[in-house]
Amino acid sequence: MLEFLSYLISGISLGSVYAIIALGYTMVYGIAKMLNFAHGDVIMVGGYVSLLAMTSLGLPTWAAILLAMVVCTVLGVIIEGLAYKPLRSAPSLAVLITAIGVSYFLQNSALLIWGANPKVYSPIIEGTFKLFDGKLPISYISMLTVSVCIVIMIGLTIFTSKSKMGKAMRACSEDKAAAQLMGINVNKTISLTFAIGSALAAIAGVLLCSSYPTLMPTTGSMPGIKAFTAAVFGGIGSIPGAFLGGILLGIIESLAKAYISTQLANTVVFAVLIIVLLVRPAGLLGKYVPEKV
Amino acid sequence: MGQILKVDNINVYYGAIHAIKGVSLEVNEGEIVTLIGANGAGKSTTLKAISNLLHPKTGSIEFFGEKLAHIPPHKIVEKGLAHVPEGRRIFLQMTVQENLEMGAYTQGGKTFNEDIDGVFKQFPRLLERRKQIAGTLSGGEQQMLAMGRALMSRPKLLMLDEPSMGLAPILVEQIFDIIKELHKNGTTILLVEQNAQMALSVADRAYVMETGRITLSGTGAELAQSDSVRKAYLGG
Ligand SMILES: Nc1ncnc2c1ncn2[C@@H]1O[C@H](COP(=O)(O)OP(=O)(O)OP(=O)(O)O)[C@@H](O)[C@H]1O
Ligand SMILES: [Mg+2]
């Protein structure tokens, strides 16, 4: 029982990282109607920047995280402005290929700058909290990860439902021409969405590397794909959906690793995704909108 | 009566399709001007060009004497030009209240309460349904919301693209009553309609459009009497 609980907890913690990444994916998809495949690689950049800030620059942890967020935000906005904005009215396939290109560009740039050798990350907090006389250890980083994820989810929900900018974002995601007719600057709103998503990716990078402390140019790639899966699983475009999808995916992966096989864990994750999508094509919390005929 | 809008000899293309061919029209302060014509004549395209959602290849559009050519659509609203697009285009997943808030996006917020009260007075239905998701409103209510949303931007010129589309006759009457009332309260209106009879009955002046060209213009009463208009649009 305790063993199960500990796998469950590590699943929720891993799932929280997926959820934070998935929130960025889903917001960008909601507004720009594109899958930003480079999103995962922004996580990796966040990891490197925060690591170097702590080690080479000797910055305190909070400052390192802040710096990573700033760098990733700027990076996200530049990517959007240079690579995606010129394709605003291009076919979605062209945008998809561009996004894959940007992903490889970021990975190879990281390879050039930081080399191929894995770097050891220094977790932002260490130690564990022990329950049941030490039989159920919960690492502080897990607790932090889950709390941060919940705070972000609530923050984004309030932002999109209450603030003027957040509502404008929803308006743009529904109908860009109508949003323009309201006086909303659609390009600026899309940039803002990329900025938010990329800042979240930086946070996800720090948390991910603190739990799994090896950092390579490809570090963001698999979590990126998993988070994308989580966003689709929960219902792409939906903020609570991304949260739920991320957490569930983390739990499924963790339990599959523990009770089925480490090698098969990803297979199980994607099998579950396929089954869910067969039953609910729009994902768990997504609204199924039939094509207009 | 000052001139508010002046469209001067514009040409608009969709790729190779020449949709608007040298259209000129004007709207003066306090008028209701209507633009009527059959399906595909280019009425919606003309309004989109005025809002700069589409860019005319040649010709010019002036609003209060200012050329709109290089002003992005979201800045045009700020200048006092509101466009209720064809098919209403309200935000279906947002509430009635939120749609109205989006209409007031360019306003500082100081006059928000006053403006929304004004819209609710004009459209009491919307007040009842304030918290309702707009996608669940009936067609007539959606049209009211689209018009109310546009009014929230305190427009100096309100452009309506087929407000009667898809509505039952009684609702059409109601929408036109509202148009008349808005006009009485001093709103200048450019009205695109296929329902020529109704449109001509409320309009001070009217333009008839055929395949991208203005073929006829005059006062509402004149056009309602014109033989060619009667034949083509008023059923004899
Ligand atoms: N996006 C587009 N691409 C290509 N052609 C278009 C496009 N939109 C409109 N057209 C063409 O431009 C012409 C004018 O269309 P427009 O929508 O302005 O007509 P309309 O007068 O508003 O008609 P309706 O009364 O049916 O709304 C039509 O021939 C139409 O086929
Ligand atoms: Mg039309």
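**Figure 1. A salt bridge between B:R154 and B:E114.** In this predicted model, B:R154 and B:E114 form a salt bridge whose closest N and O atoms are 3.3 Å apart; the term stands for a side-chain nitrogen of Lys or Arg within 4 Å of a carboxyl oxygen of Asp or Glu. The pair links distant parts of the chain, 40 residues apart: B:R154 sits in the loop between α6 (139-151) and β7 (157-161) of chain B, and B:E114 in helix α4 (residues 112-122) of chain B. Helices here are DSSP runs of H or I with at least four residues, and strands are runs of E with at least two, numbered from the N terminus. B:R154 is partly exposed at 39% relative accessible area, while B:E114 is exposed at 55%. (Buried means under 20% relative accessible area, exposed means over 50%, and partly exposed lies in between, with a 1.4 Å probe and protein chains only.)

A few words on reading these views: because the model is predicted, local features need pLDDT of at least 70 and side-chain atom pairs count only at pLDDT 80 or more, whereas totals for chains, interfaces and linings use all residues. Residues are numbered from 1 along each chain as its sequence is written, chains are lettered from A and ligands numbered from 1 in the order in which they are written, and side-chain values use heavy atoms, with hydrogens and water left out.

**Figure 2. A salt bridge that joins two chains.** The side chains of A:K167 and B:E101 meet in a salt bridge at 2.3 Å, N to O. Helix α6 (residues 164-174) of chain A carries A:K167 and helix α3 of chain B carries B:E101, so the pair joins the two chains. A:K167 counts as buried, with 9% relative accessibility. Over all chains, the count comes to 14 salt bridges. Another of them brings together the side chains of B:E62 and B:K67 at 3.1 Å, N to O; here B:E62 is partly exposed, at 22% relative accessible area.

**Figure 3. The magnesium ion (ligand 2) and its protein donors.** B:S44 (OG), B:E86 (OE) and B:E86 (OE) coordinate the ion at 1.9 to 2.8 Å. Donors are N, O and S atoms within 2.8 Å of the metal (3.2 Å for Na, K and Ca), and water is not among the atoms, so sites may look incomplete. B:S44 belongs to helix α1 (residues 43-50) of chain B and B:E86 to the loop between β6 (81-84) and α3 (96-103) of chain B; the two are 42 residues apart and link distant parts of the chain. B:S44 is buried at 12% relative accessible area, and B:E86 is partly exposed at 33%. The loop between β6 and α3 of chain B also holds B:R89, which has a positive phi of about 50 degrees although it is not a glycine.

**Figure 4. An open sheet of four strands in chain B.** The strand order is β2-β1-β4-β5, with antiparallel pairing; two strands pair if DSSP finds at least two bridges between them. At the edges stand β2 (17-28) and β5 (66-67), each with a single partner strand, so one side of each is left without a neighbour in the sheet. Strand β1 (residues 3-14) and β2(B) pair over nine bridges, and B:L5 has B:V27 in β2(B) as its bridge partner.

**Figure 5. A hairpin in chain A.** Strands β2 (residues 128-131) and β3 (residues 136-139) of chain A pair in the antiparallel sense over four bridges. A:T128 has A:S139 in β3(A) as its bridge partner. Four residues lie between the two strands, and A:F132 in the turn has a positive phi of about 50 degrees.

**Figure 6. Two cysteines of chain A without a disulfide.** The sulfur of A:C72 is 11 Å from its closest cysteine sulfur, in A:C209, which is too far for a bond. A disulfide is a pair of cysteine sulfur atoms within 2.5 Å, and a search of the whole structure finds zero over all chains. A:C72 counts as buried at 0% relative accessibility, as does A:C209 at 1%.
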